[in-house]
Amino acid sequence: MVKITGFDKLTKTLDDASRAFKELDGTITEVRFDPNDQASIDEAIRAMENAIDQKVGAFRSNPMVAQLIPQMKARYRDGILARAESARTCSN
């Protein structure tokens with residue numbers, strides 16, 4: 001007879017990841033910034049990153065969540081930068 005172990009740990013990892021993903025469903029935060037003011041843009045990025053950390057901080061030790069956090073931050077940071085660039089282009 002073969003005994004397979006580790007499913008309890010995997011189940012907990014998946015359950016925690018599922019709860020973290022539910023925390024990220026919907027609006028994470030709203031940020032406003034002046035597209036012509038780099039400090040304002042930087043503050044919006046920090047606020048967004050802090051909001052993500054607040055939402056999933058309890059699950060940071062989960063490997064699935066830990067891998068997702070930097071990717072989400074990068075995607076939203078790129079979105080903020082793109083919107084600032086677009087706003088600057090439209091206003092010129």
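The points below describe the helices, the core and the largest pocket of this predicted model.

1. On the nonpolar core: the largest such core has 17 residues, and among these Ile28, Ile52, Val56, Val65 and Ile80 touch the most other members. Helix H1 (7–23), helix H2 (38–56) and helix H3 (63–91) each contribute at least two residues to this core, and H2 gives the most, with seven residues.

2. On Ile52, one of the core residues with the most contacts to other members: once its neighbours within four places in sequence are set aside, Ile52 is in contact with Ile28, Ile69, Met72, Lys73 and Tyr76. Of these partners, Ile69, Met72 and Lys73 are listed among the buried residues of H3.

3. On helix H2: its 19 residues should span 27 Å at 1.5 Å a residue, and the end C-alpha atoms are indeed 27 Å apart, in agreement with that expectation. Its buried residues are Ser40, Ile41, Ala44, Ile45, Met48, Glu49, Ala51, Ile52 and Val56, a list that includes polar side chains such as Ser40 and Glu49, and what covers them includes H1 and H3. At the start of H2, a side-chain oxygen of Asp37 comes to within 3.1 Å of the backbone nitrogen of Ala39.

4. On helix H3: this helix has 29 residues and reaches 43 Å from its first C-alpha to its last, which is close to the 42 Å expected at 1.5 Å a residue. Val65, Ile69, Met72, Lys73, Ile80 and Ala84 are its buried residues, and they pack against H1 and H2. At the start of H3, a side-chain oxygen of Asn62 reaches to within 2.8 Å of the backbone nitrogen of Met64.

5. On the spacing of buried positions: an α-helix has 3.6 residues a turn, so residues three or four places apart point the same way. In H3, Val65, Ile69, Met72 and Lys73 are among the buried residues, and in H2 the buried residues include Ile41, Ala44, Ile45, Met48 and Ile52.

6. On Lys73: which residues surround this lysine of helix H3, leaving out those up to four places away in sequence? Lys73 touches Met48, Glu49, Ile52 and Asp53. Lys73 is counted as buried because its relative accessible area is 16%, below the 20% limit used for that class.

7. On Thr13: this residue lies in helix H1 and, with a relative accessible area of 17%, is buried. Not counting residues up to four places away in sequence, Thr13 touches Asn62, Pro63 and Met64; Asn62 and Met64 are also the two residues joined by the side-chain to backbone approach at the start of H3.

8. On Lys55: this residue is found in helix H2 and counts as partly exposed because its relative accessibility is 25%, which falls between the limits of 20% and 50%. Lys55 touches Glu23, Leu24, Thr27 and Ile28, residues up to four places away in sequence not being counted. Lys55 and Asp25, which are 30 residues apart in sequence, are 10.0 Å apart in space from C-alpha to C-alpha.

9. On the largest pocket: its volume is about 280 Å³, and its lining consists of Gly26, Thr27, Ile28, Thr29, Glu30, Val31, Phe33, Met48, Tyr76, Gly79, Ile80 and Arg83. H3 gives the most to this lining, with four residues. Ile28 and Ile80, both lining residues, are also among the core residues that touch the most other members.

Notes: Residues are numbered from 1 along each chain as its sequence is written. This is a predicted model: local features need pLDDT of at least 70, side-chain atom pairs count only at pLDDT 80 or more; totals for chains, interfaces and linings use all residues. Side-chain values use heavy atoms; hydrogens and water are left out. A nonpolar core is a set of buried Ala, Val, Leu, Ile, Met, Phe, Trp, Tyr and Cys residues joined through side-chain atoms within 4.5 Å. Buried means under 20% relative accessible area, exposed over 50%, partly exposed in between (1.4 Å probe, protein chains only). Contact means heavy atoms within 4.5 Å. The expected span of a helix is 1.5 Å times one less than its number of residues. A polar contact is a pair of N or O atoms within 3.5 Å; within protein, one must be able to donate a hydrogen and the other to accept it, and residues adjacent in sequence count only if both atoms are side-chain atoms. On a 1 Å grid over the protein atoms alone, a cavity is a set of points where a 1.4 Å probe fits but cannot get out, and a pocket is an open set with protein on both sides within 12 Å along at least five of seven lines; lining residues have an atom within 4 Å of a point. Grid points are joined across faces, edges and corners, and a volume is the space filled by probe spheres set on the points.
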